[in-house]
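The exercises below are meant to be worked through with the sequence and the model side by side. Please try each task on your own before reading its solution.

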Amino acid sequence: MSDTASSAPAQQGFSTRAIHAGQAFDPSTGSVVPPVYLTSTFVQDGIGNFRGGYEYARGGNPTRDSLQELLASLEGGTAAYSFASGLAAEDALLRSILTPGDHVVMGNDVYGGTHRLVNRVFVPWGITLDVIDMSDLDQVRAAVQHPATKVLWIETPSNPLMKISDIAALAEIGHGVGATVIVDNTFASPYLQQPIALGADAVVHSTTKYLGGHSDVLGGAVIVNGAELADRVAFTQFGVGAVSGPLDAWLTVRGIKTLAVRMERHSANAQAIAEALVGHPALDAVYYPGLPTHPGHDLAARQMRGFGGMLSVSLRGGAAAARRFAESTTVFQLAESLGGVESLIGYPSEMTHASVKGTSLEVPDNVIRLSVGIEDADDLVADVLEALRS
Ligand SMILES: *Cc1c(COP(=O)(O)O)cnc(C)c1O
């Protein structure tokens, strides 16, 4: 067998690639796990004569490369680029595409920080922004008629109301006007959803969430389809420099190895909770695409291989009841973020989505979001039911 082939063949299954793509053992020692290259620079054998192409770590580091190769394989992209955070990844991708005067069309319940990035950083820099309901294709067709539309930004399932948008249909609409179609795949992860296969040009991740999976490392990634966009993002990563550090990249790789089994368990646990909560007298809605009554259920069943670990509920008793619920669970811990092995509960209107208060992305103040972990389903269901009783 080859000791230097670093990638798992593209035809291998997802779980095999999640463990082996970009993860060849270290040829000098046989170390099964590739080492963490904690170095900022690389000795040259002569001026401009680099070993393995490495020169300086902002431009490239073997540990970051191993993560990037893994991500490109899992999303089915041409190349992947990893960054210090999800927002740094989004910023780098948008800078690689937009120039002043360009127009962005974005979904109306994307991650609050994504809206803040475009609205507060890119708009003052000369970009225009339309925020619309991406699950309504007629609204999208109308919005992209703007003559300078360059980006169609999709997040599905959306945050926090779990709306499902049709990636293939949106990609066709976006491409019809020459826009770059971007999907934030953080909620689904590449295990559950493959946006590039559905026609997207680029995928972004907060790898802080399901990819890292253990709430111990911040990171982001851009995965692109096509060499031309890849070159532009590679240049922005190097030229702007918000790269992930080697230890962060290594921890993210470590997390990704168990992504498939974690996503199966996250999905099963969330389904159990959603089913236990449907019709609960304290709630007026349960937002989970795995419920047959969810308006995006059929589309999600076609477009995803499972329904994921995120669900939201809205409380009959309004903001006061919602706050009491979020502060009463014991297994679910009150915290920002999502996608870790431990269950978390959050109050979007004051936490993840505080930055979009007063905009069209404002989240109702009776909504609570659950990031369902991989603990025992019975304990999670009991915890939620007990907190709702109080
Ligand atoms: C958290 C998150 C981001 C931002 O990622 P950071 O790693 O916090 O910068 C972007 N999109 C979604 C859907 C997120 O949940």
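**Exercise 1.** Find the element in which Ser189 is placed, and decide whether Ser189 is buried or exposed.

Solution. Begin with the element: Ser189 is in helix H7, which covers residues 189-192, where helices (H or I, at least four residues) and strands (E, at least two) are DSSP runs numbered from the N terminus. The residue numbers run from 1 along each chain as its sequence is written. The model is a predicted one, in which local features need pLDDT of at least 70, side-chain atom pairs count only at pLDDT 80 or more, and totals for chains, interfaces and linings use all residues, while side-chain values use heavy atoms and leave out hydrogens and water. Next take the accessibility: Ser189 has 0% relative accessibility and therefore counts as buried, a term for under 20% relative accessible area, with exposed for over 50% and partly exposed in between (1.4 Å probe, protein chains only). Last, look at the backbone, where Ser189 has a positive phi of about 70° although it is not a glycine.

**Exercise 2.** Locate Ser215, and then examine the two cis peptide bonds that lead into Pro157 and Pro160.

Solution. Ser215 sits in the loop between E8 and E9, and with a relative accessible area of 45% it is partly exposed. Its phi is positive, at about 55°, although Ser215 is not a glycine. Most residues other than glycine have a negative phi, and most peptide bonds are trans. Turning to the peptide bonds, the one from Thr156 to Pro157 is cis with omega near -5°, and the one from Asn159 to Pro160 is cis with omega near 10°. Pro157 lies in the loop between strand E6 (149-155) and helix H6 (167-176), and Pro160 is likewise placed in the loop between E6 and H6.

**Exercise 3.** Describe the surroundings of Val363, including its contact with Pro160.

Solution. Val363 is found in the loop between strand E13 (344-346) and strand E14 (367-371), and at 6% relative accessibility it counts as buried. Apart from neighbours within four places in sequence, Val363 is in contact (heavy atoms within 4.5 Å) with Pro160, Pro348, Ser349 and His353. His353 stands 10 residues from Val363 along the chain, and their C-alpha atoms are separated by 6.9 Å.

**Exercise 4.** Which feature does UniProt place at Lys209, and which residues is Lys209 in contact with?

Solution. The unreviewed UniProt entry places "modified residue: N6-(pyridoxal phosphate)lysine" at Lys209; such positions are given in the numbering used here, feature names are shortened, and annotations may be inferred rather than shown by experiment. Lys209 is in the loop between strand E8 (202-206) and strand E9 (220-224), and its relative accessible area of 10% makes it buried. Leaving aside neighbours within four places in sequence, its contacts are Thr186, Ser337, Leu338 and Gly339.

**Exercise 5.** Place His266 in its helix, and then describe how H10 passes H13.

Solution. His266 belongs to helix H10 and, at 0% relative accessibility, counts as buried. Its contacts beyond four places in sequence include Tyr210, Gly339 and Val372. Helix H10 (residues 259-277) and helix H13 (residues 377-389) have axes that come within 9 Å and cross at roughly 35°, the axes being lines fitted to C-alpha atoms, for helices over the stretch in contact, with angles from 0 to 180 degrees between N-to-C directions. The crossing is right-handed, a word used if the near helix is turned clockwise from the far one by less than a right angle, and left-handed if anticlockwise. Among the residues that make this contact are Asn269 and Ile273 of H10 and Leu380 and Val384 of H13. By class, the contact has 10 nonpolar, one polar and no charged residues, where Ala, Val, Leu, Ile, Met, Phe, Trp, Tyr, Cys and Pro count as nonpolar, Asp, Glu, Lys and Arg as charged, and the others, Gly among them, as polar.

**Exercise 6.** How many residues of H2 are buried, and how does H2 cross H9?

Solution. In H2, 12 of the 14 residues are buried, so this helix is largely enclosed by the rest of the structure. The axes of H2 and helix H9 (residues 246-256) come within 8 Å and cross at roughly 35°, in a left-handed crossing. The contact involves residues including Leu67 and Leu71 of H2 and Trp250 and Val253 of H9, and by class it has nine nonpolar, three polar and one charged residues.
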